[in-house]
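These are my notebook entries on one chain, taken in the order in which I looked things up. I began with a single side-chain contact and then moved outward to the strands and the whole chain.

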Amino acid sequence: MLFRSRNNKNVGTATVYINGSGNTIGSVAKTFRIVPSKITKATSKVKGSKATLSWSKSKGAKKYVLQKNVKGKWKNVKTLSSTSYKVTVSKGKTKFRVYGTATVNKKAYNGYGKTFTVNRKK
(Lines give C-alpha, C1' and ligand atoms only; values in the text may rest on other atoms or scores of the structure.)
Protein backbone atom coordinates (compact mmCIF):
# COMPACT_ATOMS: atom_id res chain seq x y z
CA MET A 1 0.00 0.00 0.00
CA LEU A 2 1.12 3.51 -0.73
CA PHE A 3 -0.31 6.41 1.26
CA ARG A 4 -0.16 10.06 0.20
CA SER A 5 -1.76 13.04 1.81
CA ARG A 6 -2.24 16.71 1.05
CA ASN A 7 -2.85 19.60 3.51
CA ASN A 8 -3.54 17.26 6.42
CA LYS A 9 -2.53 19.61 9.24
CA ASN A 10 -4.11 22.98 8.48
CA VAL A 11 -7.74 23.97 9.01
CA GLY A 12 -9.79 23.22 5.91
CA THR A 13 -10.58 20.23 3.75
CA ALA A 14 -7.85 17.59 3.57
CA THR A 15 -7.39 14.51 1.40
CA VAL A 16 -5.68 11.19 1.89
CA TYR A 17 -4.89 8.92 -1.07
CA ILE A 18 -4.36 5.16 -0.78
CA ASN A 19 -2.94 3.32 -3.79
CA GLY A 20 -2.49 -0.42 -4.07
CA SER A 21 0.90 -1.87 -4.87
CA GLY A 22 2.22 -5.38 -5.54
CA ASN A 23 -0.71 -7.82 -5.45
CA THR A 24 -3.11 -5.12 -4.28
CA ILE A 25 -4.94 -3.32 -7.06
CA GLY A 26 -6.92 -0.09 -6.89
CA SER A 27 -6.88 3.25 -5.21
CA VAL A 28 -9.13 5.41 -3.10
CA ALA A 29 -9.16 9.09 -2.12
CA LYS A 30 -10.95 10.27 1.02
CA THR A 31 -11.55 13.86 2.05
CA PHE A 32 -12.23 15.09 5.56
CA ARG A 33 -12.49 18.38 7.48
CA ILE A 34 -9.88 19.72 9.85
CA VAL A 35 -11.35 22.23 12.32
CA PRO A 36 -9.75 24.48 14.96
CA SER A 37 -8.81 22.67 18.16
CA LYS A 38 -11.12 22.50 21.16
CA ILE A 39 -10.99 25.30 23.73
CA THR A 40 -9.91 23.56 26.91
CA LYS A 41 -10.28 26.27 29.55
CA ALA A 42 -12.71 29.12 30.17
CA THR A 43 -12.88 31.38 33.23
CA SER A 44 -14.84 34.39 34.42
CA LYS A 45 -14.27 37.15 36.96
CA VAL A 46 -17.33 39.08 38.11
CA LYS A 47 -17.10 42.61 39.45
CA GLY A 48 -20.45 44.31 40.01
CA SER A 49 -22.59 43.83 36.92
CA LYS A 50 -19.56 43.21 34.63
CA ALA A 51 -17.87 39.89 33.97
CA THR A 52 -14.54 39.42 32.25
CA LEU A 53 -14.64 36.17 30.28
CA SER A 54 -11.36 34.52 29.25
CA TRP A 55 -10.56 31.29 27.42
CA SER A 56 -7.62 29.30 26.11
CA LYS A 57 -6.45 29.67 22.51
CA SER A 58 -7.73 27.31 19.87
CA LYS A 59 -5.03 26.15 17.45
CA GLY A 60 -6.04 27.05 13.92
CA ALA A 61 -8.72 29.57 14.96
CA LYS A 62 -8.59 33.04 13.44
CA LYS A 63 -11.55 34.32 15.48
CA TYR A 64 -13.72 33.27 18.40
CA VAL A 65 -17.52 33.24 18.57
CA LEU A 66 -18.97 34.02 22.00
CA GLN A 67 -22.56 32.92 22.60
CA LYS A 68 -25.03 33.31 25.46
CA ASN A 69 -27.79 30.88 26.35
CA VAL A 70 -31.13 32.71 26.30
CA LYS A 71 -34.20 30.60 27.15
CA GLY A 72 -32.48 27.41 26.02
CA LYS A 73 -31.15 28.80 22.71
CA TRP A 74 -27.62 29.95 21.90
CA LYS A 75 -27.47 33.58 20.72
CA ASN A 76 -24.31 35.17 19.32
CA VAL A 77 -22.87 37.89 21.56
CA LYS A 78 -19.79 38.83 19.57
CA THR A 79 -17.15 37.51 17.17
CA LEU A 80 -13.69 38.35 18.52
CA SER A 81 -10.03 38.20 17.58
CA SER A 82 -8.93 38.06 21.23
CA THR A 83 -9.36 35.43 23.94
CA SER A 84 -11.21 37.64 26.43
CA TYR A 85 -14.26 39.88 26.56
CA LYS A 86 -16.11 42.04 29.11
CA VAL A 87 -19.86 41.58 29.26
CA THR A 88 -22.73 42.79 31.44
CA VAL A 89 -24.45 39.97 33.32
CA SER A 90 -27.68 39.78 35.29
CA LYS A 91 -27.94 38.43 38.83
CA GLY A 92 -27.87 34.67 39.01
CA LYS A 93 -26.34 32.17 36.62
CA THR A 94 -25.73 32.84 32.93
CA LYS A 95 -24.40 30.21 30.54
CA PHE A 96 -21.90 31.13 27.85
CA ARG A 97 -20.21 29.15 25.09
CA VAL A 98 -17.15 30.03 23.02
CA TYR A 99 -15.61 28.29 20.01
CA GLY A 100 -12.82 28.97 17.55
CA THR A 101 -13.55 29.52 13.88
CA ALA A 102 -11.55 29.99 10.69
CA THR A 103 -12.60 30.72 7.11
CA VAL A 104 -10.79 28.91 4.30
CA ASN A 105 -11.81 29.50 0.68
CA LYS A 106 -14.99 31.29 1.83
CA LYS A 107 -16.03 28.28 3.93
CA ALA A 108 -16.32 28.43 7.75
CA TYR A 109 -14.68 25.75 9.88
CA ASN A 110 -15.90 25.81 13.49
CA GLY A 111 -14.07 24.09 16.33
CA TYR A 112 -15.58 22.45 19.39
CA GLY A 113 -16.85 24.89 21.96
CA LYS A 114 -16.37 25.27 25.67
CA THR A 115 -19.48 25.93 27.77
CA PHE A 116 -19.18 27.67 31.13
CA THR A 117 -21.42 29.37 33.68
CA VAL A 118 -21.03 32.86 35.15
CA ASN A 119 -22.59 33.31 38.58
CA ARG A 120 -23.32 36.92 39.61
CA LYS A 121 -24.30 36.88 43.27
CA LYS A 122 -24.92 40.61 43.92
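Entry 1, a term. I count as a polar contact a pair of N or O atoms within 3.5 Å; within protein, one atom must be able to donate a hydrogen and the other to accept it. I also note at the outset that the model is a predicted one.

Entry 2, Ser56. I looked up which backbone atom the side chain of Ser56 approaches, and found a polar atom of that side chain 3.0 Å from the backbone nitrogen of Thr40. Ser56 itself sits in the loop that runs between strand E5 (50–55) and strand E6 (63–70). Leaving aside residues up to four places away in sequence, I listed its contacts as Ile39, Thr40, Lys41 and Tyr64.

Entry 3, the sheet that holds E5. I recorded an open sheet of 3 strands in the order E4-E5-E8, paired in the antiparallel sense. Its edge strands are E4 (42–47) and E8 (84–88), each of which pairs on one side only. On average, neighbouring strands in this sheet are turned by 20° against each other, direction ignored. For E4 and E5 I noted antiparallel pairing over 6 bridges. Within that pairing, I looked up the partner of Ser44 and found Leu53 in E5.

Entry 4, the partners of E6. I then followed the strand on the other side of the Ser56 loop, E6. E6 pairs with strand E9 (residues 92–104) in the antiparallel sense, over 6 bridges. Here I found Val65 opposite Tyr99 in E9. E6 also pairs with strand E7 (residues 73–80), again antiparallel, over 7 bridges. In this second pairing Gln67 stands opposite Asn76 in E7. I entered E6 and E7 as a hairpin with 2 residues between them.

Entry 5, positive phi. As background, I noted that most residues other than glycine have a negative phi. Which residue in the turn of the E6–E7 hairpin departs from this sign? I found that Lys71 has a positive phi of about 55°. Lys71 is exposed, as its relative accessible area is 83% and the cut-off for exposed is over 50%. I looked up Lys106 as well: it is not a glycine, yet its phi is positive, at about 65°. Lys106 lies in the loop between E9 and strand E10 (107–110). Lys106 too is exposed, with a relative accessible area of 84%.

Entry 6, the whole chain. I counted 11 strands and 0 helices. The radius of gyration is 20 Å, well over the 14 Å that the globule rule gives for 122 residues, so the chain is more spread out than a compact globule. Along the principal axes, the C-alpha atoms fill a box of roughly 75 × 25 × 20 Å.

Entry 7, burial and contacts. Buried residues account for 27% of the 122 residues. I put the accessible surface at about 8,500 Å², with 49% of it belonging to carbon and sulfur atoms. Lastly, of the contacts between residues at least 6 apart in sequence, 48% join residues at least 24 apart.

Notes: Residues numbered from 1 in each chain as written. Predicted model: local features only at pLDDT ≥ 70, side-chain atom pairs only at ≥ 80, totals over all residues. Heavy atoms only, no water. Rg over C-alpha atoms; globule rule 2.2 N^0.38 Å. Buried < 20%, exposed > 50% of the residue type's maximum accessible area, 1.4 Å probe, protein only. Contact = heavy atoms within 4.5 Å. Areas by Shrake-Rupley, 256 points an atom, 1.4 Å probe, with all protein chains shown as cover. Pairing = 2+ DSSP bridges. Axes fitted to C-alpha atoms, helices over the stretch in contact; angles between N-to-C directions.
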